[in-house]
Structure formats: structure tokens, C-alpha cells
Amino acid sequence: MLEEFSVKAIKRILFIFNLFFALTGLILILVGVAIKSYFTEYELFIDDRYFSASSLLIASGSIIFIVSFFGCCGAIRENRCMVLTFSILLTFVMILEFASGVTGYVLANKTGELINTKVHDTLKLYPNVTDIEILWDAVQKEFQCCGIDGPKDWIDAVGKLPLSCCDGLGALHNLTCTVESSRLYKNSCRIKLTEVVKDSTTVLGCVAFSIIAAQFIGIVFACYLGRYIRKSNYETV
């Protein structure tokens with residue numbers, strides 16, 4: 001009697017957990033898409049491995065929707081095959097999330113080094129490549145910075161400063177920007193961009209590892225329910 005009551009409780013808990021998993025799947029997809037779209041804005045400055053981490057998170061979230069279906073049906077119908085499928089798929093998702101979380105933390109620690117390499121490659125291409133020109137101008141205006149480590153980088157690379165290195169340029173202002181300009185940005189773009197990318201990859205890692213803990217509990221409940229269903233089938237036979 002007590003065992004039957006506990007199994008009914010586990011069935012309800014497992015069903016609620018699967019609703020929660022469906023929600024976490026949506027969260028994973030939204031976080032992955034948001035970070036990936038944000039990285040896309042600066043893709044010429046960011047290593048491809050950052051996109052792989054967010055893609056893993058999106059894949060994990062998508063699979064969780066399928067996993068939740070098997071979990072709900074298995075719990076309600078006491079179908080051992082579906083419960084076991086749920087456990088296996090959930091374990092696979094946990095591995096994906098773990099890989100995504102580890103990748104996020106590793107990349108967060110290497111962000112400065114990776115970005116420094118990419119931005120140096122684009123600096124001298126600024127006058128000749130339109131996409132790089134647009135991206136550098138957007139970054140310098142958004143983060144109010146100039147050059148990789150300061151305005152001197154532009155002087156060394158192309159011999160002058162882009163207009164985006166100065167604040168407030170427009171129809172009512174002088175269309176020039178020099179190292180003597182009073183509204184010159186002096187902050188390092190590398191440092192600003194590194195901070196933003198590092199924060200995003202850290203969030204990615206935290207989200208992945210937080211959800212893994214809840215999913216592990218779901219696997220434990222599913223295994224217990226599967227064992228009970230198997231035992232019941234033997235007793236019926």
C-alpha cells in the first residue's frame with residue numbers, strides 16, 4: 001500500500017518534472033538563440049567556437065521537447081519502454097548540456113586571447129573591406145572605444161582615425177577625428193568587447209549546469225518508476 005502510494009506520488013512528480021523540462025527546453029533555446037544572434041553582430045571579431053557552444057544549447061533545448069513527451073506519456077500510462085526511452089534521451093541531453101557548459105566556461109577564460117587575435121587581423125583591412133568598416137564603426141560607437149587598445153592602433157595601422165572614434169560627429173560638427181579631438185574615445189575596444197562576450201559565455205555555462213541538476217533528479221524518478229512497472233508486470237504474470 002505504501003509502495004503503491006509512493007509510486008503514484010512519483011508519477012505525479014515525474015509528470016510535473018516533464019512540464020518543467022519543457023519549460024527549460026524553451027529557456028535553453030531562447031538563451032542559445034539570443035546569445036548566438038548577439039555574437040553574430042560581431043562575428044568577424046569572434047572565434048567560431050563561440051557559435052558552437054550556443055548551437056549545442058539550442059540543440060539540447062530542442063531535444064528536451066521530445067524527451068518531455070516520452071516522460072509524460074510513460075508516467076501517465078505506466079509504459080516502461082517510454083519511461084526508459086525518457087531516461088536514455090534525458091541522459092543524452094545532459095551530456096550535450098554538460099559539453100555546452102564546459103565549452104562556455106573554457107571560452108570565457110580564453111575570451112581576451114581569442115578576440116585579440118581576431119581584431120588584429122581586421123584592423124588593416126578597415127579601409128578596403130566594407131563589412132569590417134561597418135562592424136568597427138558600430139563597435140566603437142556602441143562601446144565608446146577606439147582601436148584595439150587605444151587610438152594609436154589606428155595611426156599605426158592606417159595612418160588616421162576613423163570618424164567613429166569621436167563622439168558627436170554629424171552635420172553640425174567638424175567631420176574630422178584626430179588624437180587631439182576633445183570628444184575622442186580613448187577606451188580599449190578589445191577590453192569592452194571581451195567583457196561583453198565573456199559575460200554571455202558565462203551565462204551560457206551557468207544555464208546549462210543549473211538545468212543538469214534538475215534533470216538528474218528526473219532520471220532518478222524515471223528509473224524508480226520503470227523498476228516498479230517491471231516488478232508489477234512480473235507479479236501480474
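These are my notebook entries on the helices, the disulfides and a few residues of this predicted model.

**Overall layout.** I began with the secondary structure and found six helices and zero strands in the chain, so I could write the order of elements from the N terminus simply as α-α-α-α-α-α. Of the 237 residues in the chain, 43% are buried. I then looked at contacts between residues at least 6 apart in sequence, and 74% of these join residues at least 24 apart. The exposed area of the chain comes to about 12,700 Å², with carbon and sulfur atoms supplying 63% of it.

**The nonpolar core.** The largest nonpolar core holds 47 residues, and I noted W136, V139 and W154 as the members that touch the most others. Helices α1 (2-40), α2 (48-77), α3 (80-123), α4 and α6 each supply at least two residues of this core. For W154 I listed the contacts beyond four places in sequence, and they include L123, Y126, W136 and Q140, together with C146, P162 and C165.

**Helix α4 and the residue after it.** I checked the length of α4, whose 14 residues should span 20 Å at 1.5 Å a residue, and the end C-alpha atoms are indeed 20 Å apart. The buried residues of this helix are I132, L135, W136, D137, V139, Q140 and F143, a list in which I see the core members W136 and V139 again. I recalled that residues three or four places apart on an α-helix point the same way, because there are 3.6 residues a turn. Directly after α4 comes Q144, with a positive phi near 50°, and I marked this residue since it is not a glycine. Most residues other than glycine have a negative phi. Q144 sits in the loop between α4 (130-143) and α5 (152-158) and counts as partly exposed because its relative accessibility is 43%.

**Disulfides.** I counted three disulfides, and with the bonded cysteines numbered in sequence order the pairing reads 1-6, 2-3, 4-5.

- C145 is joined to C189 with an S to S distance of 2.1 Å; this pair links the loop between α4 and α5 to helix α6 across 44 residues. The link is right-handed, with 100° about the S-S bond, and both cysteines are buried.
- C146 is joined to C165 at 2.0 Å. C146 is in the loop between α4 and α5 and C165 in the loop between α5 and α6, so this bond ties together parts 19 residues apart in sequence. The torsion of about 85° makes the bond right-handed, and I found 0% relative accessibility for C146 and likewise 0% for C165.
- C166 and C177 have their sulfur atoms 2.0 Å apart, and both lie in the loop between α5 and α6, eleven residues from each other. This link is right-handed too, with 80° about the S-S bond, and C166 and C177 are both buried.

**S188, beside C189.** What does the side chain of S188 reach at 3.3 Å? I found the backbone nitrogen of R190 at that distance, while a polar atom of the same side chain lies 2.5 Å from the backbone oxygen of I148. S188 is in the loop between α5 and α6 (189-236) and is buried, because its relative accessible area is 8%, under the 20% cut-off. Leaving out residues up to four places away in sequence, I recorded that S188 touches C145, G147, I148 and D149; C145 is also the disulfide partner of C189.

Methods. Residues are numbered from 1 along each chain as its sequence is written. This is a predicted model: local features need pLDDT of at least 70, side-chain atom pairs count only at pLDDT 80 or more; totals for chains, interfaces and linings use all residues. Side-chain values use heavy atoms; hydrogens and water are left out. Helices (H or I, at least four residues) and strands (E, at least two) are DSSP runs, numbered from the N terminus. Buried means under 20% relative accessible area, exposed over 50%, partly exposed in between (1.4 Å probe, protein chains only). A polar contact is a pair of N or O atoms within 3.5 Å; within protein, one must be able to donate a hydrogen and the other to accept it, and residues adjacent in sequence count only if both atoms are side-chain atoms. Contact means heavy atoms within 4.5 Å. A nonpolar core is a set of buried Ala, Val, Leu, Ile, Met, Phe, Trp, Tyr and Cys residues joined through side-chain atoms within 4.5 Å. The expected span of a helix is 1.5 Å times one less than its number of residues. Accessible areas come from the Shrake-Rupley method with a 1.4 Å probe; for residues, only the protein chains shown count as cover. A disulfide is a pair of cysteine sulfur atoms within 2.5 Å.
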